[in-house]
Amino acid sequence: MVFLIDSSGLSSDTIEALYARIDSNFKDKSGRVLNVETKCGRLLLRYALSKYYSFDTFAVNSASDDKPYFEDIKLHFSISHSGKYVLLGISDEEIGCDVQI
C-alpha cells in the first residue's frame, strides 16, 4: 500500500502538536531527534495503520543502519519526504520508497 500526501497545508506547529499527542511507543525509541518532515511521515504511518490495518498500538525502533522497523508487527514500511511531499509504503515484505522533487 502506498500513500502520498502534500503536507504544505500543515504548519510545523500543527505537526509538532499532533506528534506530541501520539503514544510514546510509536515514537522512535533510538533517542534520535526527528525533524518535522519525519514526524509528518510517522503521523501518516500512524493513520494508515489504524485505518487500513486496524493496529492501534505498535512500537517503532531503528536498526543500526537507521532504518525504522516495527518491534511487534510483521509489516515493513518506508517513508520518504521531499519538499512538501511525504511518501509512505507499507508491505508484508521489505520495501523502499523514494520521492524527489
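A disulfide is a pair of cysteine sulfur atoms within 2.5 Å. Keep that cut-off for Exercise 2. The model used here is predicted.

**Exercise 1. Get an overview of the protein and its confidence.**

Task: State how many helices and strands the protein has, and in which order they run.

Solution.
- Step 1. Count the elements. There are two helices and five strands.
- Step 2. Read from the N terminus. The order is β-α-α-β-β-β-β.
- Step 3. Check the confidence. The average pLDDT is 83, and 87% of the residues score at least 70.
- Step 4. Find the extremes. Strand 2 (residues 60-62) has the lowest confidence, with a mean of 74. Strand 5 has the highest, at 94.
- Step 5. Keep a rule in mind. Where pLDDT is low, predicted coordinates should not be read in detail.

**Exercise 2. Look at the cysteines.**

Task: Find how many disulfides the structure holds. Then classify Cys40 and Cys97 by accessibility.

Solution.
- Step 1. Apply the opening definition. The count of disulfides is zero.
- Step 2. Recall the classes. Buried means under 20% relative accessible area, exposed means over 50%, and partly exposed lies in between.
- Step 3. Take Cys40. Its relative accessibility is 3%, so Cys40 is buried.
- Step 4. Take Cys97. Its relative accessible area is 22%, so Cys97 is partly exposed.

**Exercise 3. Describe the surroundings of Ser78.**

Task: Decide whether Ser78 is buried or exposed. Then name what its side chain meets at Cys97.

Solution.
- Step 1. Locate the residue. Ser78 sits in strand 4, which spans residues 76-82.
- Step 2. Classify it. A relative accessible area of 9% is under the 20% limit, so Ser78 is buried.
- Step 3. List the contacts. Leaving out residues up to four places away in sequence, Ser78 touches Lys67, Leu87, Leu88, Gly89, Ile95, Gly96 and Cys97.
- Step 4. Pick out the Cys97 link. A polar atom of the Ser78 side chain lies 3.0 Å from the backbone nitrogen of Cys97.
- Step 5. Look along the chain. Val2 is 76 residues away from Ser78, yet their C-alpha atoms are separated by 9.5 Å.

**Exercise 4. Trace the largest nonpolar core.**

Task: Which element supplies the largest share of the largest nonpolar core?

Solution.
- Step 1. Start with the members. The core has 20 residues. Leu45, Leu49, Phe70, Phe77, Leu88 and Ile90 touch the most other members.
- Step 2. Sort by element. Helix 1 (12-21), helix 2 (36-53) and strand 5 (85-91) each supply at least two residues of this core.
- Step 3. Name the leader. Helix 2 gives the largest share, six residues.
- Step 4. Follow one member. Beyond residues up to four places away in sequence, the contacts of Ile90 include Met1, Phe3, Leu45, Leu49 and Phe77.
- Step 5. Add the background. In soluble globular proteins, nonpolar side chains tend to be buried together.

**Exercise 5. Compare with Asp98.**

Task: Is Asp98 buried or exposed? Which side chains make polar contacts with its own side chain?

Solution.
- Step 1. Locate the residue. Asp98 lies in the segment after strand 5.
- Step 2. Classify it. Its relative accessible area is 54%, over the 50% limit, so Asp98 is exposed.
- Step 3. List the contacts. Not counting residues up to four places away in sequence, Asp98 touches Ser80 and Leu87.
- Step 4. Find the polar contacts. The Asp98 side chain meets that of Ser80 at 3.3 Å, and that of Gln100 at 3.1 Å.
- Step 5. Check a C-alpha distance. Asp98 and Ser82 are 16 residues apart along the chain, and 8.7 Å separates their C-alpha atoms.

**Exercise 6. Put numbers on the whole protein.**

Task: What percentage of the residues counts as buried?

Solution.
- Step 1. Take the chain of 101 residues. Of these, 37% are buried.
- Step 2. Turn to the surface. The accessible surface is about 6,000 Å², and 48% of it belongs to carbon and sulfur atoms.
- Step 3. Sort the contacts with a separation of 6 or more. Residues 24 or more positions apart account for 44% of them.

Methods: Residues numbered from 1 in each chain as written. Predicted model: local features only at pLDDT ≥ 70, side-chain atom pairs only at ≥ 80, totals over all residues. Heavy atoms only, no water. Helix = DSSP H or I, 4+ residues; strand = E, 2+ residues; numbered from the N terminus. Buried < 20%, exposed > 50% of the residue type's maximum accessible area, 1.4 Å probe, protein only. Polar contact = N/O pair within 3.5 Å; in protein donor to acceptor, adjacent residues only side chain to side chain. Contact = heavy atoms within 4.5 Å. Core = buried A, V, L, I, M, F, W, Y, C linked by side-chain atoms within 4.5 Å. pLDDT = per-residue confidence, 0-100. Areas by Shrake-Rupley, 256 points an atom, 1.4 Å probe, with all protein chains shown as cover.
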